[in-house]
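Biologist: I have a new structure open and no idea how to read it. Could you walk me through its features one at a time?

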Amino acid sequence: MAGETPSTETKNQEINENIQDVQVAVEESVDLDSSQKVENNKEVSEDNASVETEQQKFEPISEEMLLLKEGYESLQTQLETTKFQLEEKETQYKRLGADFDNFRKRTEKEKQELDTQVKCATIIELLPVIDNFERARSQIKPANDGEMTIHKSYQSVYKQMVDSLKKLGVSPMRPEGEEFDPNLHEAVMREATTEHPEGTVIEELVRGYILGERVLRHAMVKVATAPEPTDDEAENQTEPES
């Protein structure tokens, strides 16, 4: 028995030693893990601090970008408003220009019409004077040199008046031989004849005048009519056919 005791104690001692070694190894492993965790936490903290620093750097830039964006949108809105106002003013300007152009044309037309009316009224008052000169020329027959001198003198005045009327655009009608036109002619006499077709102007009794397309005075004319049938012709027309 005495020989077995040392052996058992030796085994127990070895076991205790092994347990102590395991504990030391476990503690070292735990210490190592703790130090690594501390280092890792430290690195994470440093990374977080770096990120926070970067975020702090970018915060003013983000605010500035936001302000720039808001300013751009405001300017864009102002630009659209100004563009709309400009288009509206341009439309108003064109409308005013068109109205003024129409007013100018209407005023010019009215002025021309008024000038024409005044010119026509003046010329119409002078036409009887022309008629008297023409009657004198056709009726008065100078008998001597003195009368011929007088005749030529007033005929020169007549010619001067006719030339002045031509410059104003006045022209006399020449209706003889033309078909009667109530817009130009006034029939004061009718004559039955076979020499001219019915409705033809045979003679101009009072001369008519026109200014451009405006009639100053209708020509007083004699118009041809169909002759009345003779008694024989009337009987032939009334006899029934056999």
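Biologist: Let me start with a single residue. Is Val129 buried, partly exposed or exposed?

Modeller: First, keep in mind that this is a predicted model. For a residue, look at its relative accessible area: under 20% is buried and over 50% is exposed. Val129 has 33%, so Val129 is partly exposed. You'll find Val129 in helix H1.

Biologist: And how far is Val129 from Met161, in sequence and in space?

Modeller: They are 32 residues apart along the sequence, and the C-alpha to C-alpha distance is 9.4 Å.

Biologist: Let's step back to the whole chain. How many helices and strands does the chain have?

Modeller: There are 3 helices and 6 strands. Going along the sequence, you meet them in the pattern α-α-β-β-β-β-β-β-α. One more overall number: of the 242 residues in the chain, 13% are buried.

Biologist: Now the strands. How do I read a sheet, say the one with S2 in it, and what is its strand order?

Modeller: One general idea helps when you look at side chains: in a regular strand they alternate between the two faces of the sheet. Now the case here. This sheet is open, has 3 strands in the order S2-S6-S3, and its pairing is mixed. Strand S2 (185–192) and strand S3 (201–206) each have a single partner strand, so each is an edge strand with one side left without a neighbour in the sheet. From one strand to the next, the twist averages 30°.

Biologist: You said mixed. Which way do S2 and S6 run relative to each other, parallel or antiparallel?

Modeller: S2 and S6 run parallel, joined by 7 bridges. If you want a spot to look at, find Glu191, which sits opposite Ala224 in S6. On the S3 side, the pairing with strand S6 (residues 219–225) is antiparallel, with 4 bridges. There, Glu203 faces Lys222 of S6.

Biologist: How many residues of S6 are buried?

Modeller: S6 is mostly covered, with 6 of its 7 residues buried.

Biologist: What about the loop between S2 and S3? Which residue there is worth a click?

Modeller: Try Thr193, which is placed in that loop. Being in a loop doesn't settle the question of exposure, so check the number: at 12% relative accessibility, Thr193 counts as buried. Its side chain also reaches the backbone nitrogen of Glu195, at 3.0 Å.

Biologist: Then there are the other strands. What is the order in the sheet with S1, and how is it paired?

Modeller: That sheet is open too, with 3 strands in the order S1-S4-S5 and antiparallel pairing. Strand S1 (170–172) and strand S5 (214–217) are its edges, each pairing on one side only. Ignoring direction, neighbouring strands here are turned by 35° against each other on average. S1 is tied to strand S4 (residues 209–211) by 3 bridges, and Val170 stands across from Leu211 in S4.

Biologist: Last topic: pockets. How do you find one, and what is the volume of the largest pocket here?

Modeller: The general idea is that rolling a probe the size of a water molecule over the atoms shows where empty space is left. In this model, the largest pocket has a volume of about 190 Å³. Its lining is made up of Asp131, Glu134, Arg135, Ser138, Glu204, Leu205, Val206 and Arg207. The elements giving two or more residues to that lining are helix H1 (5–139) and S3, and H1 provides the largest share, 4 residues.

Biologist: What classes of residue line the largest pocket?

Modeller: The lining has 5 charged, 2 nonpolar and 1 polar residues.

Biologist: Let me pick Ser138 from that lining. Which element holds Ser138, and is Ser138 buried, partly exposed or exposed?

Modeller: Ser138 is in helix H1. Its relative accessible area is 45%, so Ser138 is partly exposed. Look at its side chain as well: one of its polar atoms lies 3.0 Å from the backbone oxygen of Arg135. Arg135 is also among the residues lining the largest pocket.

Conventions
Residues are numbered from 1 along each chain as its sequence is written. This is a predicted model: local features need pLDDT of at least 70, side-chain atom pairs count only at pLDDT 80 or more; totals for chains, interfaces and linings use all residues. Side-chain values use heavy atoms; hydrogens and water are left out. Two strands pair if DSSP finds at least two bridges between them. Axes are lines fitted to C-alpha atoms, for helices over the stretch in contact, and angles run from 0 to 180 degrees between N-to-C directions. On a 1 Å grid over the protein atoms alone, a cavity is a set of points where a 1.4 Å probe fits but cannot get out, and a pocket is an open set with protein on both sides within 12 Å along at least five of seven lines; lining residues have an atom within 4 Å of a point. Grid points are joined across faces, edges and corners, and a volume is the space filled by probe spheres set on the points. Ala, Val, Leu, Ile, Met, Phe, Trp, Tyr, Cys and Pro count as nonpolar, Asp, Glu, Lys and Arg as charged, and the others, Gly among them, as polar. Buried means under 20% relative accessible area, exposed over 50%, partly exposed in between (1.4 Å probe, protein chains only). A polar contact is a pair of N or O atoms within 3.5 Å; within protein, one must be able to donate a hydrogen and the other to accept it, and residues adjacent in sequence count only if both atoms are side-chain atoms.
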